[in-house]
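Work through the exercises below with the sequence and the model at hand. Each task is followed by a solution in steps.

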Amino acid sequence: MKRRLSLFALLTAMLLVLSSCGPGGKNITVGAKTFTEQLVFAKMTTFILEDNGYNVEEIQNLGSSAIRQAIETQQVDMTWEYVGTALVTYLGEEPIVDKDKAMETLQREDKKNGVAWTNLLEANNTYVLAMKEEQAAELGIETLSDLAAYENENPNELRFGMETEFANRDDGMPGLEEYYDFNVPDSNISEMEFGLFYTAIDNGEIEVTQGFAFDPQIKELDLRILEDDRNFFPSYNLAASINQETLDKYPELPELLAPLQKALTKDTLQELNYQVDIEQKSVERVAKDFLEENNLLKD
């Protein structure tokens, strides 16, 4: 009799495990683009959801258009996306500087596409211009207004490095020059692939580099981000982009992601990118360590 009871208990336990992994369980697919912070975000989200009983599949290394299409068709249930990218690239809206207005616009306009937006981060991975800390301090340049004034007085002194896209788009260099009322001679602008401008500023080939707020090279090379004191660059804050049907099925998702949302700041994200890209730690290790250090996992 005891044997039969033991066998019955074992079979019951196996059925419970199988049922939690099968169609009746909580299944979700998390998507990520090709670069470091996206991979770290996806991995942290996976750990949190698994900690709360979800079966998670990750789909990585998707381009912006591919991941957007996958969200709309529910091939991917959720991802972390930049509100500026969604507004301008996906919806064809004008860029918005204020993150809350950008989020409100997205939530309103994206309903028709079956996409919900939740968990807006304070961290903003927007465009930046940066200089070596020592040189910026020597020249007294702290803000983009300072840079504009210095450039107008010394038009041939500073050399700039940037991506071709930034050099030509309205929310890049042309718009920045018009907004802050200065002009850099074309001969002093070098267009190059992403990342090479950091090599160039490190080697003294340029004095001002384009970048993004979360770039780990800013910390590695001791660069000063010049404050956008007149708020030109649009919001590229991160938020959770979730297929509406998925959110209807799992309405608890925003609450589960809220502690992660609060823990992730600009400095934190730059540090996480630094650990992966510069210190060569694995994405999985960096993500897990961060969650454990901030008590974001139950176990």
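**Exercise 1.** Describe how helix 14 and helix 15 pack in this predicted model.

Step 1. The axes of helix 14 and helix 15 lie 9 Å apart, and the angle between them is about 145°.

Step 2. Their crossing is right-handed.

Step 3. On the side of helix 14, the contact is made by Thr268, Leu272, Gln275 and Val276; on the side of helix 15, by Val283, Val286 and Phe290.

Step 4. Sorted by type, the residues of this contact are five nonpolar, two polar and no charged.

**Exercise 2.** Determine whether helix 2 and helix 14 are roughly parallel or roughly perpendicular.

Step 1. Helix 2 covers residues 36-51, and helix 14 covers residues 266-277.

Step 2. The two axes come within 9 Å and cross at roughly 105°.

Step 3. Angles from 65 to 115 degrees count as roughly perpendicular, so helix 2 and helix 14 are roughly perpendicular to each other.

Step 4. From helix 2, the residues Thr36, Glu37, Val40, Phe41 and Met44 meet Leu269, Leu272, Asn273, Val276 and Asp277 of helix 14.

Step 5. This contact has six nonpolar, two polar and two charged residues.

**Exercise 3.** Find which residues have the most contacts inside the largest nonpolar core, and which helix gives the most to this core.

Step 1. The largest nonpolar core holds 54 residues.

Step 2. Those with the most contacts inside it are Met44, Trp80, Leu260, Leu264, Leu269, Phe290 and Leu291.

Step 3. Helix 2 gives the most, with eight residues.

Step 4. Take Phe290 from that list: leaving aside residues up to four places away in sequence, Phe290 touches Met44, Leu260, Ala263, Leu264, Thr268, Leu272 and Leu296.

Step 5. There is also a second, separate core, with 25 residues, including Met131, Ile141, Phe160 and Phe182.

Step 6. As background, nonpolar side chains tend to be buried together in soluble globular proteins.

**Exercise 4.** Is Glu292 buried or partly exposed, and what does Glu292 touch?

Step 1. Glu292 belongs to helix 15, which spans residues 283-293.

Step 2. The relative accessible area of Glu292 is 39%. Buried means under 20% and exposed means over 50%, so Glu292 is partly exposed.

Step 3. Not counting residues up to four places away in sequence, Glu292 touches Arg285 and Leu297.

Step 4. For a distance across the model, take Glu292 and Asn113, which are 179 residues apart along the chain; their C-alpha atoms are separated by 36 Å.

Definitions and conventions
Residues numbered from 1 in each chain as written. Predicted model: local features only at pLDDT ≥ 70, side-chain atom pairs only at ≥ 80, totals over all residues. Heavy atoms only, no water. Core = buried A, V, L, I, M, F, W, Y, C linked by side-chain atoms within 4.5 Å. Buried < 20%, exposed > 50% of the residue type's maximum accessible area, 1.4 Å probe, protein only. Helix = DSSP H or I, 4+ residues; strand = E, 2+ residues; numbered from the N terminus. Contact = heavy atoms within 4.5 Å. Axes fitted to C-alpha atoms, helices over the stretch in contact; angles between N-to-C directions. Parallel < 35°, antiparallel > 145°, perpendicular 65-115°, else oblique. Nonpolar A, V, L, I, M, F, W, Y, C, P; charged D, E, K, R; others polar. Left-handed = near helix turned anticlockwise from the far one by under 90°.
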